[in-house]
Amino acid sequence: MKDSQKKIAYMDHAAATPVKGPVLKAMLPYFDRDFANPSTVYDLGFQVKRVVEEQRAKVAELIGADPEEIIFTSSGAEANNLAIKGTIFSRFKKAKRIIVSAIEHHSVLNSARFFERLDYEVTFLPVDKYGLVDPERLKKTLDQDTALVSIMHGNNEVGTIEPIRELATVCREHGVPFHTDAVATIGSVEIDVHEMDVDLLSLSGPPLGAPKGIGALYFRKNTRLMPLIHGGIQERGRRGGTENVPGIVGLGKAAELAKSSMKKRAAHLTQLRDTLIANVLEKIPHAYLTGHRERRLPGHASFCIEAIEGEALIFMLSRNGIYVNTGSACASKALKTSPVLVALGIPAALAQGSVVFSLEETNTLDDIDHVMKHLPTVVERLRAMSPIWKNGAPVANMA
Amino acid sequence: MKFIENQKADDTLDLVFRMCPIHLLEPGERLEGLKRGQVLEILTDYDGALEDIPAWCAKSGQEFIGIKEDNDCYKLYIRKVK
């Protein structure tokens with residue numbers, strides 16, 4: 001079969017997603033026709049400024065916030081950096097402890113570690129075998145010296161959704177600001193910042209079908225944040241730099257679409273996810289689901305397959321038009337055992353066989369069939385070459 | 001510069017960590033939501049605001065009441081005149 005005719009089943013949406021058609025269409029005028037700087041004091045600028053504020057309202061509506069509680073950023077990673085560094089610097093040296101879960105995204109983990117160099121103490125909260133943080137454990141860990149707690153809403157490597165409301169309540173009772181990274185859940189799980197009782201929440205464009213290069217941070221009214229990018233009046237002095245107007249328009253349009261289609265989308269993704277999980281566990285011996293079975297992202301299926309090297313599996317699947325990942329896109333290139341899987345207590349050898357399917361509404365049951373047509377064969381071929389697989393079973397059971 | 005104590009306010013605008021020229025833009029916006037005679041409290045850690053805000057009040061026809069120095073910021077009080 002020629003490459004051009006190859007069936008493609010792209011299932012790595014946690015790494016990158018295509019921009020949705022209506023989103024791209026909404027953005028295009030802001031590259032050329034409506035190019036003016038929103039900070040200018042003439043009509044061309046006013047019009048663009050008004051559009052920027054309309055998008056802010058749409059993003060706010062998606063998460064139950066007020067528009068003035070939204071800061072546009074360049075990415076989810078910048079939103080995480082601003083939440084953590086902005087909060088810690090705003091209370092600089094008044095409290096010197098930061099608590100994060102052990103399975104946070106690198107933009108959270110490394111922002112917290114940055115403060116270790118400034119004599120802060122960082123506590124990495126452990127998770128259970130499903131990746132869940134225990135609110136009781138957080139309660140016991142909190143003290144008066146805690147400046148911030150950051151625990152992600154959903155994990156993009158194992159799909160687990162954390163009990164954010166319970167965790168945030170513990171922090172509220174102790175007067176400690178609480179941040180959650182909602183990049184993995186935005187658009188597929190209902191988010192209401194007041195119901196969740198969070199002080200700060202990060203999101204990004206791509207999971208919603210907006211382009212790369214745009215994200216946002218929700219910050220509760222009266223939360224002080226030290227800006228990371230000092231500049232002019234943009235974002236009311238909280239984030240300098242001329243606004244990425246096309247990106248902001250894309251995020252606003254994507255948020256509007258997500259709001260109206262979330263239930264239908266989540267139902268579709270859940271059906272695909274459950275079909276894929278059932279098939280893999282039934283047809284691939286010694287394959288294990290990672291993360292929580294029920295409390296998981298609608299479009300997320302992740303496994304560890306024994307006696308398999310994840311990178312080899314990904315490569316061979318891609319030759320059959322199946323595009324998946326071994327873990328988070330930025331971490332998988334490091335060829336290091338995933339810290340997330342280690343935190344779940346998965347043995348290092350088994351963690352090597354990690355494979356993550358992140359689905360979107362464009363995926364179909366036909367894509368799942370395509371995966372199940374090739375995955376068992378590819379696994380069998382790789383195991384045939386593996387020194388730790390003999391006579392249809394692992395040499396030593398590592399699960 | 002007039003230092004004052006125990007000034008009550010009807011609304012507070014927190015500008016701490018936000019720099020020039022935000023302190024000259026947001027007070028006017030916030031005053032729009034107040035009635036004549038009501039007092040706006042502005043929190044800022046920007047030294048330049050100590051001169052700029054009284055000057056802005058004089059120029060825009062609002063009454064600058066005074067300043068209070070707090071632990072981590074200045075508190076400036078404006079009465080809405082028009």
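Leaving aside its neighbours within four places in sequence, with which residues is B:Val81 in contact? The answer is B:Arg36, B:Gly61, B:Gln62 and B:Glu63, once those sequence neighbours are set aside. This is a predicted model, and the points below begin with the surroundings of B:Val81 before turning to the domains of chain A, to a sheet in chain A and to the contact between the chains.

**B:Val81 and its surroundings**

- B:Val81 is placed in the segment that comes after strand E4 (74–79) of chain B.
- Because a residue with 12 or fewer other C-beta atoms within 10 Å of its own is classed as exposed, B:Val81, which has 12 C-beta neighbours inside 10 Å, counts as exposed.
- Between B:Val81 and B:Phe64 the separation in sequence is 17 residues, while their C-alpha atoms are 9.9 Å apart in space.

**The two domains of chain A**

- Chain A is divided into domain 1, which is made up of the two stretches 3–17 and 262–394, and domain 2, which covers 21–258.
- Measured out between their C-alpha centres, the distance from domain 1 of chain A to domain 2 of chain A is 29 Å.
- Where these domains touch, 27 residues of domain 1 of chain A are in contact with 26 residues of domain 2 of chain A.
- On the side of domain 1 of chain A that touches domain 2 of chain A, the elements giving two or more residues are helix H8 (245–283), strand E10 (300–305), helix H10 (329–332) and helix H11 (339–343) of chain A.
- Of these, H8(A) gives the most to that side of domain 1 of chain A, with four residues.
- Sorted by class, the side of domain 1 of chain A that touches domain 2 of chain A holds 13 nonpolar residues, 11 polar residues and three charged residues.

**A three-stranded sheet in chain A**

- Strand E10 of chain A also belongs to an open sheet of three strands, which run in the order E9-E10-E12 with antiparallel pairing.
- Strand E9 (287–289) and strand E12 (354–358) of chain A are the edge strands of this sheet, since each of them pairs on one side only.
- From one strand to the next, the twist averages 25°.
- E10(A) and E12(A) are paired in the antiparallel sense over five bridges, and A:Phe303 has A:Val355 in E12(A) as its bridge partner.

**Where chain A touches chain B**

- The contact takes 11 residues from chain A and eight residues from chain B.
- The side of chain A that touches chain B has, by class, four nonpolar, four polar and three charged residues.

Key. Residues are numbered from 1 along each chain as its sequence is written. Chains are lettered from A and ligands numbered from 1 in the order in which they are written. This is a predicted model: local features need pLDDT of at least 70, side-chain atom pairs count only at pLDDT 80 or more; totals for chains, interfaces and linings use all residues. Domain bounds come from an automatic or database domain assignment. Two residues are in contact if their C-beta atoms, placed from the backbone, lie within 7 Å. Ala, Val, Leu, Ile, Met, Phe, Trp, Tyr, Cys and Pro count as nonpolar, Asp, Glu, Lys and Arg as charged, and the others, Gly among them, as polar. A residue is buried if 20 or more other C-beta atoms lie within 10 Å of its own, exposed if 12 or fewer, and partly exposed in between; C-beta atoms are placed from the backbone. Two strands pair if DSSP finds at least two bridges between them. Axes are lines fitted to C-alpha atoms, for helices over the stretch in contact, and angles run from 0 to 180 degrees between N-to-C directions.
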